[in-house]
Amino acid sequence: MRALLVTSVGITCAAALTLPLAAPSDRSMGPATAGQGLERRTARPFSLVGVVWDDAEAELHGTVQVRTQATGSANWSDWQDVETHNAEHAADLGSDEGSSGAVRGATAPLWVGASDGVEVRVRPEPADPQDRSEAAPLPEGLRLELVDPGPDPAPEAAAETAPEPARAAPVGRTATTAAFALNPSPPTTTPAVVPEVLTAEAEAASAVNAELAPLGASVIPALTKAETEEAANVAPGAKPYIGPRPGIITRKGWGADEKLRERQFAYTKTVKAAFVHHSATGNNYTCKQAPSVLRSIYRYHVKSSGWRDFGYNFAVDKCGNIYEGRAGGVTKAVLGAHTLGFNANTMGIAVLGSYSSTNPPAAAVTAVSKLTAWKLGLFGANPKGKVTLTSGGSNKYKAGAKVKMNVISGHRDGFATECPGARLYKKLGKARTSSAKLQGR
């Protein structure tokens with residue numbers, strides 16, 4: 001691969017380093033060997049990579065591969081494929097978000113872990129499969145995005161230290177007298193914990209969940225089925241068909257920088273269905289790293305791809321932890337940018353990882369069941385049922401088409417795509433059955 005001149009911008013904590021991919025000056029190479037790319041270079045540390053280009057409607061007809069060097073190491077990874085067909089994860093055509101003018105074309109992001117060296121190659125497909133001498137044109141303005149997730153959020157301040165247990169009082173004395181006699185020095189006072197000061201943006205993102213958890217909470221606690229029904233104001237004796245609320249890690253909990261997203265929240269009318277996705281970011285992450293993966297995807301969606309916020313309504317990691325995705329409130333019908341053509345009146349759940357040839361962990365599938373049993377139950381939807389949705393326009397259904405789908409569907413049901421991967425897609429039947437059972441059906 002030829003060395004190419006590049007320009008770069010400085011990288012700061014939780015920022016993206018952009019490296020333009022210039023076209024090779026020598027076009028004599030056939031498409032079987034032609035490519036655009038960067039030689040190995042040293043960069044400030046990053047953990048996620050992707051390629052973006054100027055025109056959101058242009059498609060990258062070709063392959064993208066990267067290999068990276070682990071931070072502080074001389075070792076380089078093998079070449080890894082980056083999923084180029086990513087247009088199906090986007091705001092609906094004609095929506096305010098989709099027509100903002102800020103949206104760019106982008107590959108799926110790939111999690112590579114802490115790295116400081118990168119090599120990338122972009123190889124175009126033949127323009128004509130019968131004539132391999134001519135390469136398909138690549139989109140203008142190709143840029144490599146290297147995303148640093150920044151540090152994990154600081155742990156919440158510990159609760160005030162509990163007083164030392166009282167010692168047993170001698171016979172004939174009260175406990176108070178005995179304690180004083182055995183501890184003549186003045187009692188110490190534990191300093192009060194100063195509450196964290198939230199930014200206006202962070203406060204707004206937390207306030208929409210105020211009925212579920214205290215302002216600034218990192219976790220929305222799980223509830224039993226009875227507690228969930230009581231919280232939903234279900235009449236005694238009624239059959240609400242709602243699953244117990246699972247514990248949900250808030251945006252505060254995974255460290256979302258609320259200043260990145262668009263300030264206003266966007267809502268749709270209801271939630272009729274759930275679309276399950278895989279993030280296509282690879283499986284080389286630990287559950288402890290999942291918040292970093294989320295912050296990186298968030299940055300990539302907003303700053304690299306030009307979306308208003310994180311695209312999915314919820315995310316699930318390989319250990320079954322559930323995370324709040326797009327801001328606006330976990331009980332509300334928040335409009336996402338997850339399933340092009342079917343974002344209205346649905347929710348998107350991304351299972352972190354790539355599941356085309358790898359089985360999803362059972363914990364992740366169980367978490368999808370728990371989440372859908374609760375959230376769909378809030379809107380009266382049966383996880384084992386069918387629903388008719390109106391397409392906003394995709395490569396599978398034209399705008400205005402009425403489409404009958406499963407209430408829990410895979411991304412490929414609404415768009416011609418591999419997502420959520422063949423192995424995860426096969427697990428959706430089990431997720432539907434388990435979700436309905438949790439609802440009491």
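Which strand does M347 lie in? M347 sits in β15, the strand that runs over residues 346-351. Keep in mind that what you're looking at is a predicted model. Below is a quick tour of M347, the main nonpolar core and the cysteines.

**M347 and its surroundings**

- M347 counts as buried, because its relative accessible area is just 1%.
- Setting aside neighbours within four places in sequence, M347 is in contact with V271, A273, A274, F275, N313, F314, H338, T372, K375 and L376.
- If you want to place M347 against a residue further along the chain, try I408: 61 residues separate the two in sequence, and their C-alpha atoms are 9.8 Å apart in space.

**The nonpolar cores**

- The largest nonpolar core holds 39 residues, and F314 and I349 are the ones that touch the most other members.
- Several elements feed this core with at least two residues each: the strands β12, β13, β15, β16 (386-390) and β17 (402-406), plus the helices α6 (362-378) and α8 (428-439).
- Helix α6 gives the largest share, seven residues.
- Once residues up to four places away in sequence are left out, F314 touches I248, I322, Y323, E324, G325, V330, M347, G348, I349, A350, L371 and K375.
- So M347 turns up in the F314 list, just as F314 turns up among the contacts of M347, because contact here means heavy atoms within 4.5 Å.
- There's also another core, apart from the largest one, with 22 residues, including W254, A290, V302 and A315.

**The cysteines**

- How many disulfides does the model have? The count comes to one.
- That disulfide is formed by C287 and C319, with their sulfur atoms 2.0 Å apart.
- The link between C287 and C319 is right-handed, with 95° about the S-S bond.
- This pair ties together distant parts of the chain, 32 residues apart. C287 is in the loop between β12 (273-278) and α5 (290-304), while C319 is in the loop between β13 (314-316) and β14 (322-324).
- Is C287 buried or exposed? C287 is buried, because its relative accessible area is 17%, and the cut-off for buried is under 20%.
- Its partner C319 is partly exposed, with a relative accessible area of 46%.
- C419 is another cysteine worth a look: C419 is buried, with a relative accessible area of 3%.

Key:
Residues numbered from 1 in each chain as written. Predicted model: local features only at pLDDT ≥ 70, side-chain atom pairs only at ≥ 80, totals over all residues. Heavy atoms only, no water. Helix = DSSP H or I, 4+ residues; strand = E, 2+ residues; numbered from the N terminus. Buried < 20%, exposed > 50% of the residue type's maximum accessible area, 1.4 Å probe, protein only. Disulfide = S-S within 2.5 Å. Core = buried A, V, L, I, M, F, W, Y, C linked by side-chain atoms within 4.5 Å.
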